[in-house]
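Hi everyone, thanks for making time this morning. I'd like to walk you through one structure, so please have a look at the screen.

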Amino acid sequence: MPSVSVLARAAWPTAKAAHLGSTAATVALAALPAVVTVGRGGTEVGTAVVALVLGAGASLAWAVDDAGRDSLIAMPVSAPVRAAVRVLAAAVVAALVTGAGLGVVAAGPGLPSDLADRVPEGTAAAAIALAVAFAAARRGERTSGATGVSVGLLVPVAVAALAMRWPSSFPTFGSGPLHSRWWLLAAAGVVVVTRSGRDPARR
């Protein structure tokens, strides 16, 4: 485990290599439906908030690409630690942009009453996106971040679509007895992240 001073020296250059611009842009695009709806005087923002939260979760996958690997390889900081720092930095940026989007909604028609239901959905999107991105990076794919973002958005939408056909098996974007199953998807993603994100030198 690297010392605190080593981590401190590595934190900023590692965070800068986390594609934070791509993270912010992804969340901003996801926030557009909510902003446009509020700007046009609309009051039905439930679906737009779902899109915003899913986009925020999936955007974390951009942090998987290790753009600073060559310059930071000399530091005694392992790849998993650098990855954790990048994901944390991306999460902070995603949270700030998401907060701005929700602020626009709050200033307009107000936040939806079921906002808490978005937490497991967004967490599932983040876990799936990171799992796919880390797995792709481990295989040497150069577009692992973009792949993770895409799958992180598509899988929750696909699950919600399946819920329309099999409502007793899949969760949907709304309160219900199966809504907690989003946490199961999130847990599965975390397991994959733990396996795929470990140090390649320690197989």
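Let's start with the second largest pocket, which has a volume of about 220 Å³. Its lining is made of 14 residues, and those closest to the centre are Val 53, Ala 56, Gly 57, Thr 98 and Gly 122. Please keep in mind that this is a predicted model.

Which helices supply at least two residues each of that lining? They are helix H3, residues 46-58, helix H5, residues 79-107, and H6. The largest share comes from H5, with five residues. If you care about the chemistry of the wall, the lining divides into nine nonpolar residues, four polar ones and one charged.

For anyone wondering how we look for such places at all, rolling a probe the size of a water molecule over the atoms shows where empty space is left.

Now let me stay with H6 and turn to charges. How many salt bridges does the structure hold? The count is three, and I'll go through them one by one.

Take Arg 118 together with Glu 121: they form a salt bridge whose closest N and O atoms are 2.6 Å apart. Both residues lie in helix H6, which covers residues 118-138, and they sit three residues apart, about one turn of the helix. Are they buried or exposed? Both Arg 118 and Glu 121 are buried.

Arg 118 has another partner. Its side chain also meets that of Asp 114 in a salt bridge, at 3.2 Å from N to O. Here the two ends differ in their surroundings: Arg 118 has a relative accessible area of 4%, so it counts as buried, while Asp 114 comes to 27% and is therefore partly exposed. Put together, Asp 114, Arg 118 and Glu 121 are linked in a network of salt bridges.

The remaining pair is Arg 139 with Glu 141, whose side chains meet in a salt bridge at 2.8 Å, N to O. Why does Arg 139 count as exposed? Because its relative accessibility is 60%, and the cut-off for exposed is over 50%. Glu 141, at 33% relative accessibility, counts as partly exposed.

Let me go back to H3 for a moment, and to a glycine there. Gly 46 is found in helix H3, and with a relative accessible area of 32% Gly 46 is partly exposed. Where does Leu 111 lie relative to Gly 46? The two are 65 residues apart along the chain, and their C-alpha atoms are separated by 8.6 Å.

That brings me to the protein as a whole. What does its secondary structure come to? There are eight helices and zero strands, so if you read the elements from the N terminus on, you get α-α-α-α-α-α-α-α. Among contacts with a separation of 6 or more, 75% are between residues 24 or more positions apart.

As for the surface, the accessible area of the protein comes to about 10400 Å², and 67% of that belongs to carbon and sulfur atoms. Of the 203 residues, 41% count as buried.

To leave you with one picture: Arg 118 is in H6, it is linked with Asp 114 and Glu 121 in a network of salt bridges, and H6 is also one of the helices that supply at least two residues of the lining of the second largest pocket. Thanks for listening, and I'm happy to take your questions.

Note on methods: Residues are numbered from 1 along each chain as its sequence is written. This is a predicted model: local features need pLDDT of at least 70, side-chain atom pairs count only at pLDDT 80 or more; totals for chains, interfaces and linings use all residues. Side-chain values use heavy atoms; hydrogens and water are left out. A salt bridge is a side-chain nitrogen of Lys or Arg within 4 Å of a carboxyl oxygen of Asp or Glu. Buried means under 20% relative accessible area, exposed over 50%, partly exposed in between (1.4 Å probe, protein chains only). Helices (H or I, at least four residues) and strands (E, at least two) are DSSP runs, numbered from the N terminus. On a 1 Å grid over the protein atoms alone, a cavity is a set of points where a 1.4 Å probe fits but cannot get out, and a pocket is an open set with protein on both sides within 12 Å along at least five of seven lines; lining residues have an atom within 4 Å of a point. Grid points are joined across faces, edges and corners, and a volume is the space filled by probe spheres set on the points. Ala, Val, Leu, Ile, Met, Phe, Trp, Tyr, Cys and Pro count as nonpolar, Asp, Glu, Lys and Arg as charged, and the others, Gly among them, as polar. Contact means heavy atoms within 4.5 Å. Accessible areas come from the Shrake-Rupley method with a 1.4 Å probe; for residues, only the protein chains shown count as cover.
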